[in-house]
Amino acid sequence: MRIGPVEIGPGHPCRIVCEISANHGGDIAKAKELIDAAKWAGADAVKMQIYTVDEMCLPGVTCPAGPWEGQDLYELYKRAGTPWEWWPLLRDYAATVGIPIFSSAFSPEAADYLVREGCPAIKIASHEANWASTLARAIGNDWRAFIVSVTTREQARNLVCWCDTMLWCPPGYPADGLVESDM
């Protein structure tokens, strides 16, 4: 598998991917600083997430547990989101820094957008893994790296023909301790 110029798989060294996620705090300059920091730290690639808040949840839903317990998820996702319009800007910036960047997609529309905009790899989160085949069809024959997080062996079995790489993703967030029997 390849993410831009970075080859991944047997015969290649372990690769480090830096996750930007919502750590930019809604500031594109901060997102660029995070790309710089990833390059400086020796990361092999950077991953971001693009979504619209309506792809993620409905208004008025309260987070039931964890670090965001009691917060309105719609408002939380709205604050944490990376606008789609940032993708080409951050892609081009990462290219000038010399580090490949790719993104998670949370809908077929997002996957289509990322393909059109030249995203070299698409990551599907574990919550969307049950419809990863839909996203794979959205990507179509435009081959690129397709990475899916899975939480169960059943998900892995159902997805094995749809993706290049599966990542074990412990259920829940933040993750509890991983035990060998979970894998």
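**Surface, core and salt bridges of a predicted chain**

User: How many Å² does the chain expose?

Analyst: Carbon and sulfur atoms supply 56% of the exposed surface of the chain. Accessible areas come from the Shrake-Rupley method with a 1.4 Å probe, and for residues only the protein chains shown count as cover. The total that the chain exposes is about 10,000 Å².

User: What average pLDDT does the chain have?

Analyst: This is a predicted model, in which local features need pLDDT of at least 70 and side-chain atom pairs count only at pLDDT 80 or more, while totals for chains, interfaces and linings use all residues. Residues are numbered from 1 along each chain as its sequence is written, and side-chain values use heavy atoms, with hydrogens and water left out. pLDDT is the predictor's confidence in each residue, from 0 to 100. A score of at least 70 is reached by 74% of the residues, and the chain average is 80.

User: Over which residues does pLDDT stay under 50?

Analyst: For the segment in question, the model has 7 contacts (heavy atoms within 4.5 Å) beyond four places in sequence. The segment with pLDDT under 50 covers residues 178-183.

User: How many helices and strands does the chain have?

Analyst: Both kinds of element are DSSP runs numbered from the N terminus: helices are H or I runs of at least four residues, and strands are E runs of at least two. By this assignment, the chain has 7 helices and 8 strands.

User: What percentage of the 183 residues count as buried?

Analyst: Buried means under 20% relative accessible area, exposed means over 50%, and partly exposed lies in between (1.4 Å probe, protein chains only). Of the 183 residues of the chain, the buried share is 38%.

User: Which element gives the most residues to the largest nonpolar core?

Analyst: A nonpolar core is a set of buried Ala, Val, Leu, Ile, Met, Phe, Trp, Tyr and Cys residues joined through side-chain atoms within 4.5 Å. The largest one has 32 residues, and those with the most contacts inside it are Ile-35, Trp-87, Ile-101, Leu-114 and Ile-122. Elements that give two or more residues to this core include α1 (28-41), α4 (86-97) and α5 (108-116). The greatest contribution, 5 residues, comes from α5.

User: In which strand does Gln-49 lie?

Analyst: Beyond four places in sequence, Gln-49 touches Glu-19, Ser-21, Thr-82, Ser-103, Ser-104 and Phe-106. The C-alpha atoms of Gln-49 and Lys-123 are separated by 8.8 Å, although these residues are 74 apart along the chain. Gln-49 belongs to residues 45-49, which form strand β4.

User: Which residue meets Asp-44 in a salt bridge?

Analyst: A salt bridge is a side-chain nitrogen of Lys or Arg within 4 Å of a carboxyl oxygen of Asp or Glu, and the structure holds 6 of them. Asp-44 lies in the loop between α1 and β4 and its partner in the loop between β2 (6-7) and β3 (17-19), so the pair ties together parts that are 29 residues apart in sequence. With an N to O distance of 3.6 Å, the partner of Asp-44 is Arg-15.

User: Which residues are joined into one network by salt bridges that share partners?

Analyst: Arg-91 and Asp-92 form a salt bridge whose closest N and O atoms are 2.9 Å apart, and Arg-91 also meets Glu-117 at 3.4 Å. Arg-91 is in helix α4, whereas Glu-117 is in the loop between α5 and β6, 26 residues away. Relative accessible areas are 23% for Arg-91, 41% for Asp-92 and 25% for Glu-117. The network consists of Arg-91, Asp-92 and Glu-117.
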